[in-house]
Amino acid sequence: MTGSTVRPPAYQQLADELRAEITSGRLQPGERLPPEPELCVKIGVSRSTVREALRLLASQHLIVTTRGVTGGSFVAHPDAEQLADGLSTGFALLTHSAAIGLADLLELRRALEIPAAGLAAVRREETHLTELRGTLFDPDIDDFETMLTAHSAFHRAMAKASGNPLFELVGRPIYQVTYGEEVIGSLPEGYWAHIDAEHRTMLDCLAARDAEGASRAAATHLDFIAAAVR
């Protein structure tokens with residue numbers, strides 16, 4: 001006797017169908033979804049089911065709902081920060097499991113940060129340089145948490161300066177990953193002074209629009225981190 005397949009609840013099925021319409025591009029950002037009564041009739045479900053499906057999609061930042069005469073549910077415009085939040089939870093679970101190690105994380109950073117730095121040197125605007133300067137820290141007076149936060153902010157700003165939203169989207173969860181206690185306790189003397197100096201070198205390359213120098217500095221930076229946390 002074969003087991004019966006458990007069907008997901010009606011609101012989940014509707015949410016899945018609408019999500020497929022959005023992610024496939026059949027429903028474009030800013031486009032209005034059919035009104036709730038129309039969805040009820042078209043799909044043959046209750047209004048409460050439709051509302052539950054829309055709430056689920058809104059929680060996933062796929063739609064936004066407004067009220068009033070011109071209100072309704074609209075396909076959300078992609079936002080790197082919101083989308084990255086959704087990736088961060090799964091990413092954090094993976095990086096704290098036995099299957100993923102620090103070496104894997106650094107390998108991924110290398111694949112992203114080196115080309116991103118080169119692109120940032122070519123595409124950066126003055127606002128990007130200002131944002132990057134604002135992430136610099138002072139290793140002589142700042143505490144560990146401040147420097148760790150600033151380090152993450154620097155690399156998020158670098159990804160943003162690349163002009164490619166995908167670098168920013170994929171990079172954000174990476175820079176939210178915390179050091180393990182075993183890594184924190186074994187950082188060599190002068191580690192943060194070295195990190196600070198390399199950030200400033202990369203920033204200088206961006207200011208000079210030196211793409212080759214920026215990529216080289218990013219590679220050197222990752223080589224240092226890999227050796228320091230080995």
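## Overall picture

A residue is called buried when its relative accessible area is under 20%, and exposed when that area is over 50%, with partly exposed residues in between. The structure described here is a predicted model, and of the 230 residues of the protein, 39% count as buried.

The protein has 11 helices and two strands, which follow one another along the sequence in the pattern α-α-α-β-β-α-α-α-α-α-α-α-α. Among contacts between residues at least 6 apart in sequence, 73% join residues that are at least 24 apart.

## Helix α10 and its surroundings

Helix α10 covers residues 191-207, and its 17 residues reach 25 Å from the first C-alpha to the last, which is close to the 24 Å expected at 1.5 Å a residue. The buried residues of this helix are Y191, W192, I195, D196, E198, H199, M202, L203, C205 and L206. As background to reading such a list, an α-helix has 3.6 residues a turn, so residues three or four places apart point the same way.

The elements that cover the buried residues of α10 include α5 (102-123), α6 (126-133), α7 (144-161) and α11 (211-228).

## The packing of α2 and α3

Earlier in the sequence, helix α2 (residues 36-43) packs with helix α3 (residues 47-59) at an angle of about 110 degrees, and the axes of the two helices lie 9 Å apart. Because angles of 65 to 115 degrees count as roughly perpendicular, α2 is described as roughly perpendicular to α3. The crossing of α2 and α3 is right-handed.

On the α2 side, the residues that take part in the contact are E36, P37, L39 and C40, and these meet R47, V50, R51 and L54 in α3. By residue type, the contact of α2 with α3 divides into five nonpolar residues, three charged residues and no polar ones.

## Two residues with a positive phi

Most residues other than glycine have a negative phi. H61, which is not a glycine, nevertheless has a positive phi of about 60 degrees. This residue is found in the loop between α3 and β1 (63-66), and H61 is partly exposed, with a relative accessible area of 32%.

R209 is likewise a residue other than glycine with a positive phi, in this case near 55 degrees. R209 comes just after α10, in the loop between α10 and α11. With a relative accessible area of 44%, R209 is partly exposed.

Terms used:
Residues are numbered from 1 along each chain as its sequence is written. This is a predicted model: local features need pLDDT of at least 70, side-chain atom pairs count only at pLDDT 80 or more; totals for chains, interfaces and linings use all residues. Side-chain values use heavy atoms; hydrogens and water are left out. Axes are lines fitted to C-alpha atoms, for helices over the stretch in contact, and angles run from 0 to 180 degrees between N-to-C directions. Helices (H or I, at least four residues) and strands (E, at least two) are DSSP runs, numbered from the N terminus. Angles under 35 degrees count as roughly parallel, over 145 as roughly antiparallel, 65 to 115 as roughly perpendicular and the rest as oblique. A crossing is left-handed if the near helix is turned anticlockwise from the far one by less than a right angle, and right-handed if clockwise. Contact means heavy atoms within 4.5 Å. Ala, Val, Leu, Ile, Met, Phe, Trp, Tyr, Cys and Pro count as nonpolar, Asp, Glu, Lys and Arg as charged, and the others, Gly among them, as polar. The expected span of a helix is 1.5 Å times one less than its number of residues. Buried means under 20% relative accessible area, exposed over 50%, partly exposed in between (1.4 Å probe, protein chains only).
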